[in-house]
Amino acid sequence: MTKLLIVESPAKAKTIGKYLGSEYKVVASVGHVRDLPKSNKKAINLDGFVPHYEVSAGKEKILHEIGKLAKKSDEVLLATDPDREGEAIAWHIKEAVDFGRKPVQRVVFHEITKDAVMEALEHPRDIDENLRRAQEARRVLDRLVGYDLSGIIWKKVRYGLSAGRVQSPALRILVEREREIKAFKPERYFTITAETKTSKKAELPLVCSVEPAVEREAERIVVVGKREPWNVVSVEETEARRSPRAPFTTSTLQQTASTRLGFSPSRTMRVAQKLYEAGLITYMRTDSTTISKQAIGQIAGAIEKTFGRELVLVRVFTTKSKNAQEAHEAIRPTNVFTRIAGHTPEEKKLYSLIWARTTASQMKDARVMRTKILANTTSRSIPDFQANGSRTIFQGWLEADPDARGEDVELPKVAQDDKLELINISALEKFTEPPSRYSEAGLVRELEKRGIGRPSTYASIIKTLEDREYVTKENRNLRPTDTGEVVSGFLEDNFGKYISDTFTAEMEDKLDYIAEGKIGYEKTLSDFYKPFGRDVKSKEKLAKATTLGSADPKMKCPKCNGVMIIKLGRSGKFLSCSKYPDCDGSLLIDGTETPKDKIIGIHPNTGREITLKNGKYGPYVEMVMSEEIKNEETKKSKKSKKQKLRRASVPKEIKPEEVTLDQAVHFLSLPRELGQHPETGKIISGNIGRFGPYIVHDGDFRSLKKPDDVYSIDLNRAMEILKEPKKKRSFTRRKKE
Ligand SMILES: [Zn+2]
């Protein structure tokens, strides 16, 4: 009897392979095997919302291999990850491979340990149709909304922009905060500090408990403070408890890894996945804080061994999660006796964080003594001044998570009515600060709070906003770009309901209900899509949002001295002559001159002049390939121009004014032919487009990320990239680019 066990990742296959006997053959599907085709029109049949799937590029071979192995086995087991996406992958494999009449079953485990895998193999089941349907609904919904909203933004705002069902509400949250910041009016106030000494000459710094807004009051407090003798009004000691926080969910892991380790949410997920696949932690996509009874027993044992029995306190954390069916556990080490694990430094750091949080969650409260000293002058005609101290008197769970400790602030010993010697008192003028921008961790917390997105989507939402250049990171905070603000503004004005918190959260709930089998797939989608489709259609009549308003009337067109308006270009807002296209005068948004065309030199091979220009989509170099168009002043259609001109974008990391002739020649070497694809015989080429460098083979576009370089990438590496599963949530590029 031989069994074929299918998982999605080679690393997971390797870990499981170690546990199973020779009757099992473990094979990896390497991610998704089928997806919606890129041509959106035929992707979904709106009658019944039936998606049309295609085998993903490079997956034919893997599916063929799985089929061959299945023929040699008596039974097939689908052991993809324990969530909806895993359920969907299992279903796709079952659909795409002809398993004949062989039994095909699903097994589920939340950690890749021998016990958990063996236990799961004892309880195989059928594919859960509700779970995989819920995943399908998400995919179809996101495709429809993304396609329709992006389409209308292309037409009404600017070509190439995108919008998404969950991405756009997240962007709106960031843009709303930005508006609050812009509208913020700082208010003046004064903090008053008094440096004092006790009778034993110990320093006791005090702060006035009131922060007056009026300067005269601040001055009065200082004057009285200087004139009168000081003494201690009261000393209050209170004991406070600090309880450990619940074990990690996806969202709290992303937040804590961001604040403590500086990891972005997507990095945290990538590292956590490696730990999971190596069998070191439980599944990393979860919104449950529950820990299994068995694991709690183990954790208590580990605490006893490391810190002593008196620190153990078994706690039960309740979960807000509504999905009983997917009631995962919290993220915890699979073996808490292992204190350090992982291959790379980042894996080790994340593992330690998970270890500390898990262990601390089953330990006693820490106890802190807080001291509050109030002091005043003898007349007490000014507000009390205060000093706050704290010291940990019992470490409790902080033993396991010392980074959570915080610093003790020791205050000198004083008693009521003790005299204090004033050294100095002064008032400092301050202004209230605007609300701060969201950090990545802060946005994850906000999304979870508002019910937008799910554990599997937080990281990709943020990554999409960054990849789309709707936000930039500034001191680890997310700041919307001009483009982000314009896109969000357009959506808020025209599709406010669909990108609202309530609508998005309700839709997530509906997807949960589909997973639970409480509501149907088709009805849910049609209830949504009929009104949505109508609303999108009604907006087709909107005028193109060509302008973002009038410019400061002092700004005049540099060419015709006419009125300027604000427009959105590739690199943000700029000022354009209101007579465009009759006059193409433009200025940067601050009113300074737009960089002029500059001749860089002569191309050594073609003998043609290379010019640096500044276009809608940023700076680029251009080489005129034929004379007739150079002498022609009339406007040509883009197509005929393209045949006569060679153009290449200046990469973002290079300042346009510093482009040398060598660099320009280098840029113009694009598009590069890398060679023929051995299977299709079609050419693979590399180029830089509006969304950055990419390679393309037969309409299959793949973005290039560092360290891959479009100028030097070779055919072998390009083949590797094309074989990788396509990123799920990226919006597909149109072929015509
Ligand atoms: Zn003009």
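**Strand pairs, sheets and a helix crossing**

Reader: What makes strand β1 and strand β7 (residues 75-78) a pair?

Author: In this predicted model, four bridges join β1 to strand β7, and the two run parallel. Two strands pair if there are at least two bridges between them, so β1 and β7 count as a pair. Within this pairing, lysine 3 stands opposite glutamate 75 in β7. Strand β2 (residues 24-28) also runs parallel to β1, and five bridges join these two; there, the bridge partner of isoleucine 6 is valine 27 in β2.

Reader: Why is strand β1 (residues 3-7) called mostly covered?

Author: Four of the five residues of β1 are buried. A residue is buried if 20 or more other C-beta atoms lie within 10 Å of its own, so four residues of β1 meet that cut-off. Over the protein, 38% of the 737 residues count as buried.

Reader: How do you know that helix α9 (residues 250-261) and helix α13 (residues 440-450) have the relative direction you give them?

Author: Their axes come within 8 Å and cross at roughly 160°. Angles over 145 degrees count as roughly antiparallel, and therefore α9 is roughly antiparallel to α13. The crossing in which α9 passes α13 is left-handed.

Reader: Which residues of α9 and α13 meet, and what is their make-up by class?

Author: On the α9 side, Ser251, Gln254, Gln255, Ser258 and Thr259 take part, and they meet Glu440, Ala441, Val444, Arg445 and Glu448 in α13. By class, this contact has two nonpolar, five polar and three charged residues.

Reader: Why are β17 (564-569) and β19 (586-588) said to stand at the edges of their sheet?

Author: Three strands form an open sheet in the order β17-β18-β19, with antiparallel pairing. β17 and β19 each have a single partner strand, so one side of each is left without a neighbour in the sheet. From one strand to the next, the twist averages 35°. Between strand β18 (residues 572-577) and β19, which run antiparallel, there are three bridges, and leucine 575 stands opposite leucine 587 in β19.

Reader: What makes β24 (672-676) and β27 (700-703) edge strands?

Author: An open sheet of four strands has the order β24-β25-β26-β27, and its pairing is antiparallel. The edge strands, β24 and β27, each pair on one side only. The twist in this sheet averages 25° from one strand to the next.

Reader: How do you know that strand β25 (residues 683-689) and strand β26 (residues 692-697) are partners?

Author: Six bridges join β25 to β26, and these strands run antiparallel. At least two bridges are needed for a pair, so the six found here satisfy that condition. The bridge partner of isoleucine 684 is histidine 697 in β26.

Reader: What makes strand β20 (residues 598-602) a partner of strand β21 (residues 609-615), and which residue between them takes a positive phi?

Author: Four bridges join β20 to β21, which run antiparallel, so the cut-off of at least two is met. Lysine 598 stands opposite leucine 612 in β21. The hairpin of these strands has six residues between them, and glycine 607 takes a positive phi near 70°.

Reader: How many helices and strands does the protein have?

Author: The protein has 21 helices and 27 strands, and its C-alpha atoms fill a box of roughly 95 × 85 × 55 Å along the principal axes.

Notes
Residues numbered from 1 in each chain as written. Predicted model: local features only at pLDDT ≥ 70, side-chain atom pairs only at ≥ 80, totals over all residues. Axes fitted to C-alpha atoms, helices over the stretch in contact; angles between N-to-C directions. Parallel < 35°, antiparallel > 145°, perpendicular 65-115°, else oblique. Left-handed = near helix turned anticlockwise from the far one by under 90°. Contact = placed C-beta atoms within 7 Å. Nonpolar A, V, L, I, M, F, W, Y, C, P; charged D, E, K, R; others polar. Buried ≥ 20, exposed ≤ 12 C-beta atoms within 10 Å, placed from the backbone.
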